[in-house]
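Subject: Structure handover and notes

Dear colleague,

I am passing on the structure below, and my notes on it follow. Please read them with the coordinates open beside you.

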Amino acid sequence: MADRRLQVFQTVARLLSFTKAAEELHMTQPAVTFQVRQLEEQFNTRLFDRTHNRISLTEAGQRVYECANRIFELYAEMDNSVRELTGDVSGVLIIGASSTIAEYMLPELLRDFKKQYPDVTIRLRVANTDGIVSMVENNAIDLGVVEAPVTNKNLVVEECRTDKLVLIVPPDHPLARQEVVPVKQIADYPFICREEGSGTREVMLESMTRAGISASDLNLSMELGSLEAIKGAVEAGMGVSVLSSATIEKELKLGTLVAVRLDPPVERPFSFVHQKQKFKIRAMDELLSFARAYCKSHPH
């Protein structure tokens, strides 16, 4: 019970939210509140200040939080040490990925990994690149896989493979008959793009800036939060878009979309992102090694 109370407290302290902690721990919010109150009763002091629907750590809470982090690091070190002796690879891994990667790269990779390590349970969270980086920063996930540059110098970023972006248009579009389209020509047509914070959007805007086109020059007609919505809008003739070539294989086979190469080519790295310290469980080391090898054997 003491360990569970400490785990619940540490999650609330990290997220500074009882609601988010309850979601992450798969508990009800009253259960989370009860566990924290029990810990406060044990120490006979408040660990959180609660004002205007916001919480912050008290001085005592900050000390408990720092000690809790060290305790859980020692638990993880003990667990890893024993598993290295026994050769056991198991546990729960929490991975975060942007939608492009989660839907079109990870399924095959994780399928092959699970065949080799069946005792590892993998939980996948999908968000845009900004959201994934934030989760890594807050230790909410063990590993992030993103599609745009990461500026946080406190995180480890490893490029794993290169992704090519292409212009997508409906088959009856004037550009569908061209083999190559200059990037700057995209500004001549209604453009459908991902939401702010998306790696695809960021890379596309950077390539247009290099071609001498500012974001304000784009004829932006729609911002959509999913790849399927963008593909559907382009198929319906509502505009053109730029997406990863890996995401449109089905539509190209069906003939509902046409992919056109861009000049200059638009490429971006897919990268692993994680904290600098050693992983909490050995299975994470194994997954990262497996993923590195997978990306070498599947460079595109």
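The structure holds three cavities of 30 Å³ or more, and since this is a predicted model, please take everything that follows as a description of computed coordinates.

**The second largest cavity**

The second largest of these cavities encloses about 50 Å³ of space. Its lining is made up of Ile95, Met105, Leu106, Leu109, Leu110, Leu143, Val145, Phe272, Leu287 and Ala291. Two or more lining residues come from each of helix H6 (106-116), strand S5 (143-146) and helix H11 (282-297), and among these H6 gives the most, with three residues. Sorted by class, the lining of this second largest cavity has ten nonpolar residues, with no polar and no charged residues.

**Backbone points to check**

Where does the chain carry a cis peptide bond? Such a bond joins Asp263 and Pro264, with omega at about 0 degrees, and Pro264 sits in the loop between strand S11 (258-263) and strand S12 (266-275).

Two residues other than glycine have a positive phi that you may wish to look at in your own viewer, namely Leu16, where phi is near 50 degrees, and His26, where phi is near 55 degrees. Leu16 is found in the loop between helix H1 (2-15) and helix H2 (18-25), while His26 is placed in the loop between H2 and helix H3 (29-43). As for their surroundings, Leu16 is partly exposed, with a relative accessible area of 42%, whereas His26, at 62% relative accessibility, counts as exposed, because the cut-off for exposed is over 50%.

**Salt bridges**

How many salt bridges does a search of the whole structure find? The search finds 13, and I describe some of them here.

The side chains of Glu40 and Arg50 meet in a salt bridge, at 3.8 Å from N to O. This pair links distant parts of the chain, with Glu40 in helix H3 and Arg50 in strand S1 (residues 48-51), ten residues apart. Are the two partners buried or exposed? Glu40 is buried, with a relative accessible area of 11%, but Arg50, at 42% relative accessibility, counts as partly exposed.

Arg194 and Glu195 also meet through their side chains in a salt bridge, here at 3.0 Å from N to O. Arg194 counts as buried, at 5% relative accessibility.

A further salt bridge is formed by Glu251 with Lys231, whose closest N and O atoms are 3.2 Å apart. This pair, too, links distant parts of the chain, since Glu251 belongs to helix H10 (residues 249-254) and Lys231 to helix H9 (residues 227-235), 20 residues apart. Glu251 is buried, with a relative accessible area of 4%, and Lys231 likewise counts as buried, at 2% relative accessibility; both values fall in the buried class because that class takes in relative accessible areas under 20%. Finally, Glu147, Asp163 and Arg268 are joined into one network by salt bridges that share partners.

With kind regards

Terms used. Residues are numbered from 1 along each chain as its sequence is written. This is a predicted model: local features need pLDDT of at least 70, side-chain atom pairs count only at pLDDT 80 or more; totals for chains, interfaces and linings use all residues. Side-chain values use heavy atoms; hydrogens and water are left out. On a 1 Å grid over the protein atoms alone, a cavity is a set of points where a 1.4 Å probe fits but cannot get out, and a pocket is an open set with protein on both sides within 12 Å along at least five of seven lines; lining residues have an atom within 4 Å of a point. Grid points are joined across faces, edges and corners, and a volume is the space filled by probe spheres set on the points. Helices (H or I, at least four residues) and strands (E, at least two) are DSSP runs, numbered from the N terminus. Ala, Val, Leu, Ile, Met, Phe, Trp, Tyr, Cys and Pro count as nonpolar, Asp, Glu, Lys and Arg as charged, and the others, Gly among them, as polar. Buried means under 20% relative accessible area, exposed over 50%, partly exposed in between (1.4 Å probe, protein chains only). A salt bridge is a side-chain nitrogen of Lys or Arg within 4 Å of a carboxyl oxygen of Asp or Glu.
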